[in-house]
Amino acid sequence: MFKNIINMFVVYALIAVFVGCDQVDKNPQQVFYRVSQAPIDHGVFSARGEFLAFVSQDQIIVADANDGVVVVQFALSDTKVTDIAISADNRLLAASFMTYVVVWDLVKQEKLGQFTVVGESEYAKTSKVAIYNNPMFLLIGMTDGSVNIIDFENKLAKRVKHHDAKISFVALGPQRQLLLSAGHDGLVNISDARTLQPKFEHKLSKRVTSLAYNLEQNLLFISDALNEQWVLKPFSSQGNSIKLSYRERFRWFRASAISPDGRYLATGSSKFWWTLWDVKTGQEIDASAIQAVTSTAMVLDMHIDRANKLMTLSSDGIVEYWEINTLINSPD
């Protein structure tokens, strides 16, 4: 008990020092800095983890993920943002609002356009967005379960509805051949991006709260809001699937990432913890608390690079770097 009190005091002391200092704090296992003094509503890393974008108050900001230096920021006249995304080449930024999407050119630092979107239901609003460049594609998930696909080069717009409830994840797979989507109906769908015909589906009992994929390694992680968290091999003839193993009755994951080599999975809880898992066994390797300024801090996004360095972005505006290899090799 006394030891726990001392540990809690040390954590809060570190946070107090951190909040009052603009310098990056370093220790053998992690580096962290605060990219925003105000709470973050939405935050994402770029595909390779070089940049991060977030919404804070009435601005959308793009910063260098290595040091938090602001690259560009745009004022928002509408603060009802539902999602944000950066293209894989770091040239385009998209933000979805209730009934429209805005796209900015990050190189020229200017607004490219604003596009109104609708679902199959007249009451549908946007819920998720993904953007791609060369050629430019937009994916917009809607609250009625539909997904809008806009091909700007060919001036084509399509809509598909594989879900019966709000879209919680949407993305294109490698070479843009696959369309991935998940929703509050518990359904995870992988379709042919051209024909929009399903190639793989998996149904959870509750809404999908987190999804991560590494299709080069034929891996798909999905989590619902209760106790179904699976690592699947969607295109394996053997149909292998691993369920995460833990002692609690349930866990709730807000964010997730699979390492490029397919060996590790990182998940962020609805609180201020993240957990490292062995993909092959589904066993927990380690768990760590993120730096937190508020009691409601949570992980918004995660990214693992090829050197097994994990980055986390929290709702408190704190970016942390974690050496997975160090955590794996550290004594219990």
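## Sheet pairing and nonpolar cores

Alanine 95 has valine 102, in strand 9, as its bridge partner. The structure is a predicted model. The pair belongs to a contact between strand 8 (residues 92–96) and strand 9 (residues 100–105), which run antiparallel and are joined by five bridges.

Strands 8 and 9 are part of an open sheet of four strands, ordered 7-8-9-10, with antiparallel pairing. Strand 7 (83–86) and strand 10 (110–116) are the edge strands; each has a single partner strand, so one side of each has no neighbour in the sheet. From one strand to the next, the twist averages 15°.

The largest nonpolar core has 28 residues, of which Leu139, Ile149, Leu179 and Leu220 touch the most other members. Strands that each supply at least two residues of this core are listed below.

| Strand | Residues |
|---|---|
| Strand 11 | 126–132 |
| Strand 12 | 137–142 |
| Strand 13 | 147–151 |
| Strand 15 | 167–172 |
| Strand 16 | 178–183 |
| Strand 17 | 187–192 |
| Strand 19 | 208–214 |
| Strand 20 | 219–224 |

Strand 15 gives the most to this core, with five residues.

Leaving aside residues up to four places away in sequence, leucine 139 touches Lys128, Val129, Ala130, Tyr132, Asn148, Ile149, Val170, Ala171, Leu172 and Leu179.

Another core, of 18 residues, lies apart from the largest one. Its members include Val44, Ala53, Phe74 and Ile86.

Note on methods:
Residues are numbered from 1 along each chain as its sequence is written. This is a predicted model: local features need pLDDT of at least 70, side-chain atom pairs count only at pLDDT 80 or more; totals for chains, interfaces and linings use all residues. Side-chain values use heavy atoms; hydrogens and water are left out. Two strands pair if DSSP finds at least two bridges between them. Axes are lines fitted to C-alpha atoms, for helices over the stretch in contact, and angles run from 0 to 180 degrees between N-to-C directions. A nonpolar core is a set of buried Ala, Val, Leu, Ile, Met, Phe, Trp, Tyr and Cys residues joined through side-chain atoms within 4.5 Å. Buried means under 20% relative accessible area, exposed over 50%, partly exposed in between (1.4 Å probe, protein chains only). Contact means heavy atoms within 4.5 Å.
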